[in-house]
Amino acid sequence: MSDQLTLSAEARDRAGKGASRAHRREGRVPAVIYGNNEEPTSIHIEEKGLMKQLHTGHFMNSVVMIELGGKKVRTLPKDVQFHPVSDRPLHVDFLRISEHAEVTVQVPVVFVDEDQAPGIKRGGVLNVVAHDLSLVCDAAEIPDQIEISLAGLDVGSSIHLGDIKLPKGSKAAGADSDLTIATIVAPSALKSEEAEEAAAADEVPSAQKSDAE
């Protein structure tokens with residue numbers, strides 16, 4: 001399950017681009033908390049603390065408790081805008097949620113057991129089609145990642161959404177069970193070898209026919 005993160009925040013009394021620029025000069029990042037049938041709340045958070053959490057790799061699928069005015073607000077990050085040149089965070093959107101709300105999150109996919117995959121041992125290449133999955137789950141039970149075993153898979157094998165055992169309480173968000181997650185494809189050297197073998201096999205009947213004549 002994803003860790004619960006915490007960020008301290010202060011209310012934004014001023015709105016507009018000028019106020020946002022002023023906050024950024026002070027090392028703060030403008031943000032907004034919305035949803036759960038309540039009015040949006042404009043806040044600003046420390047950039048350094050936000051960057052630290054962004055670097056965990058699972059910020060976007062973690063519950064973030066916003067400490068504001070002596071109270072804690074349970075949220076889920078929905079969007080982070082970055083500067084196109086410096087990559088500094090410019091603005092964050094947080095969705096206000098209840099403790100056991102049903103939420104939709106993007107959960108990263110991790111492949112394991114490569115050493116048990118015949119296709120990989122033969123030099124095959126894992127072609128990842130979907131690097132994360134959109135899941136619907138309880139806000140208190142958001143998985144860190146989805147592990148997919150490659151054990152027993154050979155060149156030409158495909159992994160589909162329907163083949164994956166999702167964590168208890170999670171379900172795919174509107175995706176078809178035939179959705180391809182990854183395939184094991186032959187490297188160019190193996191393709192050339194197979195092509196040569198096929199060509200040689202095609203030549204045998206022709207040679208036998210010539211002998212018969």
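# A guided tour of the predicted model

Select Asn37 to begin: this residue sits in the loop that joins strands S2 and S3. The model on display is a predicted one. Asn37 has a phi angle near 60°, a positive value in a residue that is not glycine. Colour by accessibility and Asn37 appears as exposed, because its relative accessibility of 85% is over the 50% limit for that class.

**The whole chain**

Next, display the entire chain as a cartoon. Its secondary structure consists of four helices and 13 strands. Of the 213 residues in the chain, 36% are buried. With the molecular surface switched on, the accessible area comes to about 12600 Å², and carbon and sulfur atoms account for 48% of that area. If contacts are drawn between residues at least 6 apart in sequence, 66% of them link residues at least 24 apart.

**Helix H2**

Select residues 47–54, which form helix H2. Which residues of H2 are buried? They are Glu47, Gly49, Leu50, Gln53 and Leu54. Look along the helix axis: these residues lie on the same side of H2, because they span an arc of only 165° around the axis. An α-helix has 3.6 residues a turn, so residues three or four places apart point the same way. Now turn to the face of H2 directed away from the buried side, where the exposed residues Lys48 and Lys52 are found.

To see what covers the buried residues of H2, add the strands to the selection. The cover includes S1 (5–11), S2 (28–35) and S3 (38–46). Also part of this cover are S4 (64–68), S5 (71–82) and S6 (89–96).

Within H2, centre the view on Glu47, a residue of that helix. Is Glu47 buried or exposed? Glu47 is buried, because its relative accessible area is 12%, and the class requires a value under 20%. Show its surroundings, leaving out neighbours within four places in sequence: Glu47 is in contact with Gly27, Arg28 and Val29. Its contacts also include Arg88 and Pro89.

**Strand S7 and its partners**

Move on to strand S7, residues 102–112. Which strand pairs with S7 in the antiparallel sense? The partner is S9, residues 132–138, and the pairing runs over seven bridges. To locate one of the bridges, select Val107 and its partner in S9, Leu133.

S7 pairs with S10 as well, here in the parallel sense and over four bridges. Select Val112 and Ser149 together: Ser149 belongs to S10 and stands opposite Val112.

From S7, step to Asp113, in the loop between S7 and helix H3 (118–121). The phi angle of Asp113 is near 65°, again a positive value in a residue other than glycine. Asp113 is partly exposed, because its relative accessible area is 29%, a value that lies between the limits of 20% and 50%.

**The loop between S10 and S11**

The last stop is Val155, in the loop between S10 (146–149) and S11 (158–160). Val155 is classed as partly exposed, because its relative accessibility is 23%. Finally, select Lys121 together with Val155 and draw the distance between their C-alpha atoms. How many residues separate Val155 and Lys121 in sequence, and what is their distance in space? They are 34 residues apart in sequence, and the C-alpha to C-alpha distance is 9.6 Å.

How values were computed:
Residues numbered from 1 in each chain as written. Predicted model: local features only at pLDDT ≥ 70, side-chain atom pairs only at ≥ 80, totals over all residues. Heavy atoms only, no water. Buried < 20%, exposed > 50% of the residue type's maximum accessible area, 1.4 Å probe, protein only. Helix = DSSP H or I, 4+ residues; strand = E, 2+ residues; numbered from the N terminus. Arc of directions from axis to C-beta. Contact = heavy atoms within 4.5 Å. Areas by Shrake-Rupley, 256 points an atom, 1.4 Å probe, with all protein chains shown as cover. Pairing = 2+ DSSP bridges.
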